[in-house]
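Visitor: I am new to this structure and should be grateful for a close look at a single part of it. Please also place that part in its wider surroundings.

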Amino acid sequence: MHTKTAHELHRLLTDKKISSVELTEAVFDRIEKVEDKVKAFVTLTREEALHQAKTADERIGSRHNVTPLTGIPIAIKDNICTSGTLTTCASKILLNYIPPYDATVVSKLKQAGAVIVGKTNMDEFAMGSSTENSGLHPTHNPWDTAVVPGGSSGGSAAAVAAREAILATGSDTGGSIRQPASFCGVVGLKPTYGRVSRYGLVAFASSLDQIGPLTKDVTDSAIMMNLVSGYDPKDSTSVDLPVPDYRKALIDDVKKVKIGVIKDLLKEGIDPDVKNAVKAAADKLADLGAEMIEVSLPSFDYAVATYYLIAPAEASSNLARYDGVKFGYRTKGSKDLLSMYYNTRREGFGPEVKRRIMLGTYALSAGYYDAYYLKALKVRTLIKQDFEKAFGKCDVLISPTAPTVAFKIGEKVSDPLSMYLSDIATIPVNLAGLPAISIPCGFNLPAGRQDRGLPIGLQIIGKAFAEEIILRVAFTYEQNSEWHKKSAPVS
Amino acid sequence: MKINVEPVAKLARLGLSEEEKTLFAEQLSAILDFADNLKKLDTENTLPTSHAIPIKNIFREDKTIPCENVDDIMANAPEAENHLFKVPRIIE
């Protein structure tokens, strides 16, 4: 039963064919079987989960206030605060941190009756594209354990793909939900900035971060979006707009929908297998009645550079709080405050985090602010304008989610810049604050391999607060393809 | 762009080893060279965007409310005394 989707399980639970306790135990059995190969989790919360499952069963039995996620086992990325449960952001500096509060998204999921199985592994402080920057251990891709699951929400994506959770939450600042979804053959959605509360999400880059779902199919994504979206007075960047019923958007019909194919993301530098899969997906959508339009967003060539100035700048400010004073790791034996700061941060942060703090500090410092940070903010405007022009002619835009399939563990760790370039298709979306979803659209065909290869993701981008149209296009494609029915071979 | 790592590390309150100083100088310089590509774009008449979605500052009444979970908060403190966070000497 751990192979089913949340919407399938909801039916079985409400029909009393299975109980949440049985389902939760099945999920933990699965975790026991494969977790030493996948290593998706930082913390498992079996006891609390079984307790939550028992309560869920009572709720389902009473037929009162049952939601689509009541009794469903879910995994939470470890940068999202869970009251009373370790929340480490996969960093040595927070290895002992137990939040005294729940993130708003966690409160909402708990209120809905979801069963939290554990906290998933990630790149430290969400900085990375492979989960290799985790301060604990890397996570392995369930399709081939020698390759990365993507990042920074690699643990969540791998957990869903390995059936170690029915669905999961992730966070996305430059592609951290979508790229691992693409690498792990699952569905990942980054909502419009401000759609989902960031209260309780450990901040990396405040103008870019968003929490979103990682699921086995598009329907489960819509289900989670219904439950976690909405205005939150505790998040000053939360937008006060009504939340539609995203499940109503799941219509198998794209006739007359204008789909812009981003040609700047289908040129050299993109893997030929990826290009072919995305072109085939575009052809399929055209066969289903959509109108395909080629669009060019030339500012995309500058998006990675822009992001790697803005995000680190914001991070350098957000990570200043990790100083050993009030919580988290503190170095031993400091004689004065300043050396306590230097040593706590030297010992507590990993190399990528240090790199980005330095980059951000530099870009914001006197004499460099205009040339770097301010310049990047202006290019951000150009990127926004390119999107506006494209959306003048199109309803949604499509592209590959990532330029390649999952690469080998260790392949890119010593070349930060090459790692950054794997976010080339996802970054512009965060800079413009738009919603986007990644859905499976094929596998690569490695020469001489007997097995089916590694997953490829199709990215669908919408206008601000237009999650409904991207869900509709994603759902239509999914219902007319078989990719989401394939399972990762790890066992 | 050759970056001088030490003053930046000082501003960021980051202690670095000698190896880290050398490695980061190299890696960060490469990243900044890449970032220099932005110079190619004409942004003379472009306004900066710090937030993609138009939002404004939210205020609430400056009212004090009691803190319900002081003990949970203090439980994370590396060193504490009487609900105060203890740190090494600040003033000589």
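Guide: Two residues are in contact if their C-beta atoms, placed from the backbone, lie within 7 Å. The model is predicted, so local features need pLDDT of at least 70 and side-chain atom pairs pLDDT 80 or more, while totals for chains, interfaces and linings use all residues. Residues are numbered from 1 along each chain as written, with chains lettered from A and ligands numbered from 1 in written order.

The part chosen is helix α11 of chain A, residues 351-364. Helices (H or I, at least four residues) and strands (E, at least two) are DSSP runs numbered from the N terminus. With 1.5 Å counted for each residue after the first, the 14 residues of α11(A) should span 20 Å, and the end C-alpha atoms do lie 20 Å apart, which agrees.

Eleven of those 14 residues are buried (20 or more other C-beta atoms within 10 Å of their own), so α11(A) is largely enclosed by the rest of the structure. The buried residues are A:Val353, A:Lys354, A:Arg355, A:Arg356, A:Ile357, A:Met358, A:Leu359, A:Gly360, A:Thr361, A:Tyr362 and A:Ala363. Their packing partners belong to both chains. In chain A they are α9 (303-318), α12 (370-393) and α13 (416-420); in chain B they are α1 (5-11) and α2 (18-35).

The helix thus leads to the place where the chains meet. That contact takes 55 residues from chain A and 42 residues from chain B. On the side of chain A that touches chain B, the elements giving two or more residues are α9, α10 (337-348), α11, α12 and α13 of chain A. The largest share of that side, eleven residues, is contributed by α12(A).

The partner, chain B, has three helices and two strands, arranged along the sequence as α-α-α-β-β. Its C-alpha atoms fill a box of roughly 55 × 45 × 25 Å along the principal axes, and 17% of its 92 residues are buried.

Chain A, to which the helix belongs, has 15 helices and eleven strands. Its C-alpha atoms fill a box of roughly 65 × 55 × 50 Å, taken along the principal axes. Of its 491 residues, 61% count as buried. Among its contacts between residues at least 6 apart in sequence, 77% join residues at least 24 apart.

Chain A also holds an open sheet of eleven strands with mixed pairing, in the order β1-β3-β2-β4-β6-β5-β10-β11-β9-β7-β8. Strands count as paired when DSSP finds at least two bridges between them. The edge strands of the sheet, β1 (41-44) and β8 (291-295) of chain A, each pair on one side only. Within this order, β6 (residues 210-215) of chain A is mostly covered, six of its six residues being buried. On one side, β4 (residues 167-172) of chain A pairs with β6(A) in the antiparallel sense over five bridges, and A:Gly170 stands opposite A:Gly212. Strand β5(A) also runs antiparallel to β6(A), joined by two bridges, with A:Val187 opposite A:Thr215. In turn, β5 (residues 187-190) and β10 (residues 436-443) of chain A pair in the antiparallel sense over three bridges; there A:Lys190 has A:Ala436 as its bridge partner.

Notes. Buried ≥ 20, exposed ≤ 12 C-beta atoms within 10 Å, placed from the backbone.
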